[in-house]
Structure formats: structure tokens, C-alpha cells
Amino acid sequence: MFRTLRMRNVFLVLLGSAIQAFGIANIHAWSEVTEGGVLGMTLLLHHWTGLSPAISSLVLNAICFFIGWRTLGRDFLLYSIVACGGYALFYALCEPFAPLFPALVASPLLSALLGAVFIGVGAGISVRAGGAPSGDDALAMALSNLTHVSIQWVYLLSDLVVLVLSLSYIPVRVIAYSLLTVILSGQIIGLMQRVRLPGGQRGAS
């Protein structure tokens, strides 16, 4: 089933997943900076309905990956399986040693800035190689393909919707830092689609 996958792309989705897992395990999991997308929506649902994120994240991610598969095809799904498995593995490896930067995570501003770099570069590499480490990435890839809107703007719009809804229970100060990180990470993901990666090919602009 996986024989059609290119080893270069498999390596890139694993590299991207490792970078993203490192950033989330060492920064976002310990700071006040929250998330948009699926993670932010699961926290919102848990606050207002009591629904466990374990259930809501499974359902929401499944919906996003289904949309991605229907829009982008079989290879997308296979690369995403590799990306998701790699993310889970690398997060498990990072978690026992986290946080590696305790002084940094005490600053919401620094957490927002550096967290955006890890998420943007990590997700950007994986998406560029054709795989999605999370449901957010799968949905953004599918919507960008359907609407022909640059992927960084799709990320920004979907995250903004969740962050605005999250104002119903999260202080504005915390949302402001979260808004900063989603804006920066989305722009970095868009940039990663245009830079030259190993192999000599450029991504779509």
C-alpha cells in the first residue's frame, strides 16, 4: 500500500512532524499560549459542553482527514498516516524531558514567537511533502486546493474563527498571544511552500 510513496517525501513529513512535536511538547504544552484549529475547538467544546477532548479531537480530526482524502487523494492519506505516526512517536520521545526551556515558557510573548517558528516550519515541511500531521493541516490543504486561496490565509481564517469563539471563556490577554502565534505560524507555513527544499523543487506559491 505504501509502495507508491517517495522516500524523500516520507523523510520530509517525518522531519516536519519531529519539529512540530518538539515545539508543542516543549513550548505550547507549558505556556499560556492556546491554539486555534482542532485543538482550540476541543478545548472550547470541553468548556461549554463538558465533552472530553479525547472524543471531540477524534471526531474532528477524522472529519478533517476525510475531507483531505476526498479532495487530495490516496497518497495524501498515506503521507498523513506517516506524519501522524511520526508526530505521536516524536512527542512521546520529547515529553519526558520537557520543558527544555523553562525560562522561555514563563514568557507568553517568547512562547508565542518561538512556538510559531516550530509549528510553522514543522507543519510547513510536512504539508509541502504532501502529508498532514494533524486535522488542521489536512483541512487547510483541502480548502486551499478547493478555493485556490494561499494556504497561509486558510490557516489564519480557520484559527481566527476558533480564537474569536474562545474569547467566550479565555482572557483577551491570552488570546492576543495566541493570535500572534497563529498569524506567524500561518505565514511561515505559506513561506515553506515557496522555498527550495532538498531535491531541487519549489513548492506552489
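In this predicted model, Tyr 87 is partly exposed, because its relative accessibility comes to 21%, just where the buried class, under 20%, has ended. Tyr 87 has an aromatic partner in Tyr 91. The two ring centres lie 6.0 Å apart with 35° between the planes, which makes the pair tilted. The two tyrosines stand four residues apart in helix 4, so about one helical turn separates them. Tyr 91 itself is buried.

Helix 4, which hosts this pair, covers residues 74-94. From the first C-alpha to the last, its 21 residues reach 30 Å, close to the 30 Å expected at 1.5 Å a residue. The buried residues of helix 4 include Phe 76, Leu 78, Tyr 79, Val 82 and Cys 94, and smaller names also appear on that list, among them Ser 80, Ala 83 and Gly 86. At the start of the chain segment, the side chains of Arg 74 and Asp 75 meet in a salt bridge, with 3.8 Å from N to O. The structure holds one salt bridge. Both partners are partly exposed: Arg 74 has a relative accessibility of 40%, and Asp 75 has one of 33%.

Aromatic contacts extend beyond helix 4. Four aromatic pairs are present in the structure. In one of them, the ring centres of Phe 22 and Phe 101 are 6.1 Å apart and the planes meet at 70°, so the arrangement is edge-to-face; the cut-off for that class is over 60 degrees. This pair links distant parts of the chain, as Phe 22 belongs to helix 1 (residues 7-28) while Phe 101 lies in the loop between helix 4 and helix 5 (102-105), 79 residues apart. Phe 22 is partly exposed at 23% relative accessibility, and Phe 101 is partly exposed at 29%. Ring pairs also bring in Phe 118, giving a cluster of Phe 22, Phe 101 and Phe 118.

Helix 1 offers a further long-range contact through Gly 16. Gly 16 has a relative accessible area of 0% and is therefore buried. Its C-alpha lies 7.0 Å from that of Val 121, although 105 residues separate Gly 16 and Val 121 in sequence.

Helix 6 comprises residues 108-129. Its 22 residues should span 32 Å at 1.5 Å a residue, and the end C-alpha atoms are 31 Å apart, so expectation and model agree. Of these 22 residues, 16 are buried, and helix 6 is therefore largely enclosed by the rest of the structure. After helix 6 comes Gly 130, with a positive phi near 105°.

Helix 3, residues 53-72, brings the description to the surface with Leu 58. Leu 58 has a relative accessible area of 62% and so counts as exposed, the threshold being over 50%. Leu 58 contributes to a nonpolar surface patch of about 450 Å², together with Leu 51, Ile 55, Val 59 and Ile 63. Finally, a charge and a ring meet at Arg 70 and Trp 69: the charged end of Arg 70 sits over the ring of Trp 69, at 5.5 Å from the ring centre.

Conventions
Residues numbered from 1 in each chain as written. Predicted model: local features only at pLDDT ≥ 70, side-chain atom pairs only at ≥ 80, totals over all residues. Heavy atoms only, no water. Patch = residues over 30% accessible without salt bridge, like charges linked within 9 Å, V, L, I, M, F, W, Y side chains within 5 Å. Areas by Shrake-Rupley, 256 points an atom, 1.4 Å probe, with all protein chains shown as cover. Salt bridge = Lys/Arg side-chain N within 4 Å of Asp/Glu carboxyl O. Buried < 20%, exposed > 50% of the residue type's maximum accessible area, 1.4 Å probe, protein only. Expected span 1.5 Å × (residues − 1). Phe/Tyr/Trp six-rings, centres within 6.5 Å; stacked < 30°, edge-to-face > 60°. Lys NZ or Arg CZ within 6 Å of the ring centre and 35° of its normal.
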